[in-house]
Amino acid sequence: MHRFFDESRELSKENLHHIKVLRIGKDEEFEIVIKDKLYLAKFDQELEILKELKKTHETKIPVILYMALVKGDKMEKILSQATEVGISEFFPLKLKRSISDISAKEEKKLIRWNKIIESAAKQSRRDIIPKLNKTVTIEEIDFENLVIVPYEEAKENTIRKALEDVKTKKISLVIGPEGGFEEEEIEYLKNKGAKIVTLGPGILRAETAAIVSSFTVIEEIR
């Protein structure tokens, strides 16, 4: 069954176009999310809401991904796959070893990345479109809730241990760039109360670490 996202019952031109392209008939039912509510609907000249549906695809605790900027199309793949896995919100993160610099073209990048996130949300039948924020620095990370940082030098603590008796309203994941974290960045995160964890004995690529961590956290809290 097709799923759409819109801001109101007056469908956007984009959604009207998709309904036409998909040849959705007047008696064919589809799902639509309007202002965070999921409905079963039909369309015949105008939107007809049949009933409200129960959301089933989101975690009780939102998981936020602070993803260090990475080069090439890796960021696009991370945003797409992390959306499919269940991340609720994204913050591109500028760290000392970040090779990529999008400051001169951030607005265009965010527009493109938002489209990628929306497409992945539709494909994976998410109940929301994850929010994409502007690039932040390590000092701008929100430490009021649980912050988990996978780090290749960590030896004992795991994501499962970090999530024991979790009582925060949100969980944040912080993933480093291709070159990894600087030691002083890890010390800063530790001093702010972040949980530094291992993902195993191997060293994972930044994009692999992002998806493995996201999936692990979300499966642990479902």
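Helices, runs of at least four residues, and strands, of at least two, are DSSP runs numbered from the N terminus. The exercises below apply this to a predicted model.

**Exercise 1. Place T198 among the elements, then decide whether T198 is buried or exposed.**

Solution.
- Step 1: locate the residue. T198 sits in the loop that joins strand 11 to helix 6.
- Step 2: apply the cut-off. Buried means under 20% relative accessible area. T198 has 13%, so T198 is buried.
- Step 3: find the polar partner. The T198 side chain comes to 3.0 Å from the backbone nitrogen of G200.
- Step 4: list the contacts beyond four places in sequence. T198 touches Y151, A154, K155, E156, N157 and T158.

**Exercise 2. Do the same for G193: which loop holds G193, and how does its accessibility class come out?**

Solution.
- Step 1: the loop runs between helix 5 (183-191) and strand 11 (195-197), and G193 lies there.
- Step 2: partly exposed covers the range between 20% and 50%. G193 has 45% relative accessibility, so G193 is partly exposed.
- Step 3: check a distance. G193 and L95 are 98 residues apart along the chain, and their C-alpha atoms are 18 Å apart.

**Exercise 3. Describe the largest nonpolar core: how many residues, and which elements supply them?**

Solution.
- Step 1: count. The core holds 35 residues. L65, M67, W113 and I148 have the most contacts inside it.
- Step 2: assign elements. Two or more residues come from each of strand 5 (63-68), helix 2 (74-85), helix 3 (106-123), strand 9 (146-150), helix 4 (159-162), strand 10 (171-175) and helix 6 (206-221).
- Step 3: rank. Helix 6 gives the largest share, 7 residues.
- Step 4: look for a further core. Another one, of 20 residues, lies apart from the largest. Its members include A68, I141, L189 and I196.
- Step 5: zoom in on L65. Beyond four places in sequence, L65 touches I78, A82, I87, E89, F90, F91, L173, I175 and S214.
- Step 6: set this in context. In soluble globular proteins, nonpolar side chains tend to be buried together.

**Exercise 4. Characterise the contact between domain 1 and domain 2: how much area is buried, and how many salt bridges are there?**

Solution.
- Step 1: fix the bounds. The domain assignment gives domain 1 (3-52) and domain 2 (63-221).
- Step 2: take the separation. Their C-alpha centres are 32 Å apart. Domain 1 puts 9 residues into the contact, and domain 2 puts in 7.
- Step 3: read off the area. The two domains bury about 690 Å² between them. Carbon and sulfur atoms account for 48% of it.
- Step 4: count polar features. There are 2 salt bridges between the domains, and 4 residue pairs in polar contact.
- Step 5: identify the domain 1 side. Strand 1 (3-6), helix 1 (13-21) and strand 2 (30-34) each contribute at least two residues to the side that touches domain 2. Helix 1 gives the most, with 3 residues.
- Step 6: examine a salt bridge. E31 pairs with R125, with the closest N and O atoms 2.8 Å apart.

**Exercise 5. Summarise the whole chain: how many helices and strands, and what percentage of residues is buried?**

Solution.
- Step 1: the chain contains 6 helices and 11 strands.
- Step 2: 46% of its 222 residues count as buried.
- Step 3: the C-alpha trace spans about 60 × 40 × 30 Å along its principal axes.
- Step 4: take contacts between residues at least 6 apart in sequence. Of these, 72% join residues at least 24 apart.

Terms used
Residues numbered from 1 in each chain as written. Predicted model: local features only at pLDDT ≥ 70, side-chain atom pairs only at ≥ 80, totals over all residues. Heavy atoms only, no water. Core = buried A, V, L, I, M, F, W, Y, C linked by side-chain atoms within 4.5 Å. Buried < 20%, exposed > 50% of the residue type's maximum accessible area, 1.4 Å probe, protein only. Contact = heavy atoms within 4.5 Å. Domains from an automatic or database assignment. Buried area = accessible area lost by both parts, 1.4 Å probe. Salt bridge = Lys/Arg side-chain N within 4 Å of Asp/Glu carboxyl O. Polar contact = N/O pair within 3.5 Å; in protein donor to acceptor, adjacent residues only side chain to side chain.
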